[in-house]
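This briefing introduces a single protein chain to a reader who has not met it before. Please look over the sequence and the structure shown below, and then follow the points by topic.

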Amino acid sequence: YRASVAEKTGGAASALDHLVGIVVVLLNYVLKLVMEWTSRFEGHMSETALQASYAVKLAAGLVANSTLVLVVSHYRRSPQFQGEIDWYAPGGLLSDVRSLVVSNAWLTPLMYLFPTEAVLPFIQRRFLVNPATTTLTQDEYNDLHLGPSLGLAARVASVINMVVTALMFAPMMPSLVVIATAGLALMFWTA
């Protein structure tokens with residue numbers, strides 16, 4: 001179906017290709033939240049060991065979700081290519097990879113710029129808490145106004161994912177390196 005949509009649009013990237021990239025980035029964000037929550041149950045001797053373990057596992061999960069899932073989902077044999085896989089076909093792997101790298105380059109830094117851990121307390125303190133009549137203690141009120149922690153391990157894992165995804169498919173589409181570099185610059189400026 002996807003190949004027929006791409007053929008009708010003259011090989012241009014279809015809305016489905018862009019949707020694939022956005023869905024993978026959103027699934028990576030959910031994977032980050034789940035791994036962050038489950039890492040708290042591990043018995044590490046220090047916070048540094050916990051963050052290092054979290055970064056390695058998250059990087060492996062993000063890379064697997066971003067690259068391996070796309071390759072496996074596009075692994076189909078076509079009789080006209082004598083068993084070879086045509087990655088360059090319209091609606092094929094490379095259009096999905098391009099959409100994924102573009103989505104990863106702008107959506108991931110945007111998610112770090114406006115994290116849910118910061119947006120929800122902002123809504124609460126802006127619209128739900130009246131400072132004059134609140135029954136919150138000073139510590140609870142201070143916690144409400146503190147921002148989220150930086151989350152360096154998750155950012156390192158996202159950078160590794162961006163670099164590995166771009167470099168894995170760069171021999172087939174060299175422009176991915178430029179897109180990923182722009183994404184890394186955007187990630188740097190949103191820190």
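Two residues are in contact when they have heavy atoms within 4.5 Å of each other. Among contacts in this chain between residues at least 6 apart in sequence, 67% join residues at least 24 apart. The model is predicted, and it contains eight helices and zero strands.

**Overall make-up and confidence**

- Read from the N terminus, the elements of the chain follow the order α-α-α-α-α-α-α-α.
- The chain has 191 residues, of which 34% are buried.
- The mean pLDDT of the chain is 81, and 86% of the residues score at least 70.
- Among the elements, helix 8 has the highest mean pLDDT, at 93, whereas helix 1 (residues 2-8) has the lowest, at 49.
- Where pLDDT is low, the predicted coordinates should not be read in detail.

**The largest nonpolar core**

- The largest nonpolar core comprises 28 residues, and Tyr54, Leu58, Val97 and Leu176 have the most contacts inside it.
- Two or more residues of this core come from each of helix 2 (15-39), helix 3 (47-73), helix 4 (93-113), helix 7 (152-169) and helix 8 (175-189).
- Helix 4 supplies the largest share of the core, namely eight residues.
- Beyond its neighbours within four places in sequence, Leu176 is in contact with Val97, Arg98, Val101, Ala166, Phe169 and Ala170.
- Val97 therefore appears both among the residues with the most contacts inside the core and among the contacts of Leu176, where contact means heavy atoms within 4.5 Å.

**Helix 4 and its kink**

- Helix 4 has 21 residues and reaches 30 Å from its first C-alpha to its last, which is close to the 30 Å expected at 1.5 Å a residue.
- Of the 21 residues of helix 4, 16 are buried, so this helix is largely enclosed by the rest of the structure.
- A kink of about 30° occurs in helix 4, and its centre is Asn104.
- Asn104 has a relative accessible area of 5% and is therefore buried, the cut-off for buried being under 20%.
- Apart from residues up to four places away in sequence, Asn104 touches Val25, Pro109, Asn161 and Met162.

**Asn161 and its surroundings**

- Asn161, one of the residues that Asn104 touches, is located in helix 7.
- Asn161 is buried because its relative accessibility is 2%.
- Setting aside neighbours within four places in sequence, Asn161 is in contact with Asn28, Leu62, Val63, Ser66 and Asn104.
- Asn161 and Ser66 are 95 residues apart along the chain, yet their C-alpha atoms are separated by 7.6 Å.

**Salt bridges**

- The structure holds three salt bridges.
- One of them joins Glu36 and Lys32, whose closest N and O atoms are 3.5 Å apart.
- Glu36 and Lys32 both belong to helix 2 and are four residues apart, about one turn of the helix.
- Within this pair, Glu36 is partly exposed at a relative accessible area of 31%, whereas Lys32 is buried at 8% relative accessibility.
- Another salt bridge is formed by Arg40 and Glu47, with a separation of 3.6 Å between the closest N and O atoms.
- Arg40 is partly exposed, with a relative accessible area of 46%, and Glu47 is partly exposed as well, at 46% relative accessibility.
- Lys57 and Glu42 also form a salt bridge, in which the closest N and O atoms are 2.1 Å apart.
- This pair links distant parts of the chain, as Lys57 lies in helix 3 and Glu42 in the loop between helix 2 and helix 3, 15 residues apart.
- Lys57 is partly exposed at 32% relative accessibility, and Glu42 is partly exposed at 30%.

Definitions and conventions: Residues numbered from 1 in each chain as written. Predicted model: local features only at pLDDT ≥ 70, side-chain atom pairs only at ≥ 80, totals over all residues. Heavy atoms only, no water. Core = buried A, V, L, I, M, F, W, Y, C linked by side-chain atoms within 4.5 Å. Buried < 20%, exposed > 50% of the residue type's maximum accessible area, 1.4 Å probe, protein only. pLDDT = per-residue confidence, 0-100. Expected span 1.5 Å × (residues − 1). Bend = angle between axes of the 7 residues up to and from the residue. Salt bridge = Lys/Arg side-chain N within 4 Å of Asp/Glu carboxyl O.
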